[in-house]
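Open the model in a viewer and keep the selection panel at hand. The stops below go from a single residue outward to the chains.

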Amino acid sequence: MVGWRDFLDIEIIALVSKHVSGALAIIAGFLVIGLAANWAIKDPFVSPVVHYAETVIVTACVLRAIIVMLWKLLGITRKTLKGGGNGTAPSILVA
Amino acid sequence: MAQHPQSWLHSTLDVWLGYLLTATAAVPASALGLFLIRRGAGQQIAILISVSLAVLTGFFAEWVVRFWRGRWLVVVPMTPEIVYQFDWSTSHFVSAAGFVLVVTGAPARQHALTLPPEPTTAASASLLVRAA
């Protein structure tokens with residue numbers, strides 16, 4: 001029986017860690033820039049603009065992470081189920 | 001043509017570049033969203049448009065970057081001999097040996113200022129060192 005543990009290999013861990021770390025790093029960087037801009041300018045007009053831009057940046061990065069990870073996970077799953085090619089059996093069935 | 005395999009660092013930096021491009025594209029997209037809000041559009045619609053535009057622009061920018069990098073980057077095939085020489089020349093042993101040779105091979109200053117000998121007292125540094 002194929003369980004979720006069969007898909008949890010080093011490729012998936014590397015994929016998720018790279019995307020999560022990338023998204024978090026870029027989001028943190030832009031949030032720090034936004035906070036610094038808010039703190040430096042202290043303008044009631046600029047503050048909601050920066051807040052809106054930060055919201056869009058965070059949402060876009062999270063959405064991108066979800067899309068890319070799902071796409072790559074789909075590819076890995078298809079490759080795992082398809083097998084090694086040349087008529088060989090699927091790797092998870094061999095295991 | 002055998003290509004040099006992409007290292008973990010390179011692939012991670014590629015992934016981070018995509019997020020950087022997306023976040024950069026989100027700035028003009030949020031400006032557009034604010035413009036739409038100012039023109040009377042709903043806030044949710046404006047955010048939806050901004051986020052979608054940012055993500056799509058990020059993907060497009062990543063594709064453009066990869067396309068141009070692929071045009072300009074020349075991948076040099078590495079033969080086993082080159083790999084062996086490269087590994088040998090960058091090994092830790094050779095690096096350490098080079099460091100030692102550079103440090104010990106540095107010529108001493110011939111015309112350095114010579115200080116007068118230290119007067120030997122009970123509290124002199126050399127005696128203290130010797131006592132320790």
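Select A:Ile76 and show its neighbours: leaving aside residues up to four places away in sequence, A:Ile76 touches A:Glu11 and A:Ile12. Add a distance label between the C-alpha atoms of A:Ile76 and A:Ile12, and the label should read 7.9 Å, although 64 residues separate the two along the chain. This is a predicted model, and every value on this tour is computed from it.

Is A:Ile76 buried, exposed or partly exposed? Around A:Ile76 there are 15 other C-beta atoms within 10 Å, and the residue is therefore partly exposed; 20 or more would be needed for buried.

Next, widen the selection to the element that holds A:Ile76, helix H2 of chain A. H2(A) has 37 residues, which at 1.5 Å a residue should span 54 Å; the C-alpha atoms at its ends are 53 Å apart, so the two values agree. Colour the buried positions of H2(A): A:Ala53, A:Glu54, A:Val56, A:Ile57, A:Ala60, A:Cys61, A:Arg64, A:Ala65 and A:Val68. When reading such a list, recall that an α-helix has 3.6 residues a turn, so residues three or four places apart point the same way.

Now add H1(A) to the view. The axes of H1(A) and H2(A) come within 10 Å and cross at roughly 175°. H1(A) is therefore roughly antiparallel to H2(A). Colour their contact by class, and it shows 23 nonpolar, 4 polar and 3 charged residues.

Then bring in chain B and select the contact between the chains: 18 residues come from chain A and 20 residues from chain B. On the side of chain A that touches chain B, the elements giving two or more residues are helix H1 (10–41) and helix H2 (46–82). H2(A) supplies the largest share of that side, 11 residues. By class, this side of chain A has 12 nonpolar, 4 polar and 2 charged residues.

Finish on chain B alone. Chain B has 5 helices and 0 strands. Of its 132 residues, 14% are buried. Among the contacts in chain B with a separation of 6 or more, 59% join residues 24 or more positions apart.

Before leaving, colour chain B by pLDDT: the mean is 76, and 52% of the residues in chain B reach 70 or more. Where pLDDT is low, the predicted coordinates should not be read in detail. For the model, the scores are ipTM 0.76 and pTM 0.62.

Note on methods:
Residues are numbered from 1 along each chain as its sequence is written. Chains are lettered from A and ligands numbered from 1 in the order in which they are written. This is a predicted model: local features need pLDDT of at least 70, side-chain atom pairs count only at pLDDT 80 or more; totals for chains, interfaces and linings use all residues. Two residues are in contact if their C-beta atoms, placed from the backbone, lie within 7 Å. Helices (H or I, at least four residues) and strands (E, at least two) are DSSP runs, numbered from the N terminus. Ala, Val, Leu, Ile, Met, Phe, Trp, Tyr, Cys and Pro count as nonpolar, Asp, Glu, Lys and Arg as charged, and the others, Gly among them, as polar. Axes are lines fitted to C-alpha atoms, for helices over the stretch in contact, and angles run from 0 to 180 degrees between N-to-C directions. Angles under 35 degrees count as roughly parallel, over 145 as roughly antiparallel, 65 to 115 as roughly perpendicular and the rest as oblique. pLDDT is the predictor's confidence in each residue, from 0 to 100. The expected span of a helix is 1.5 Å times one less than its number of residues. A residue is buried if 20 or more other C-beta atoms lie within 10 Å of its own, exposed if 12 or fewer, and partly exposed in between; C-beta atoms are placed from the backbone.
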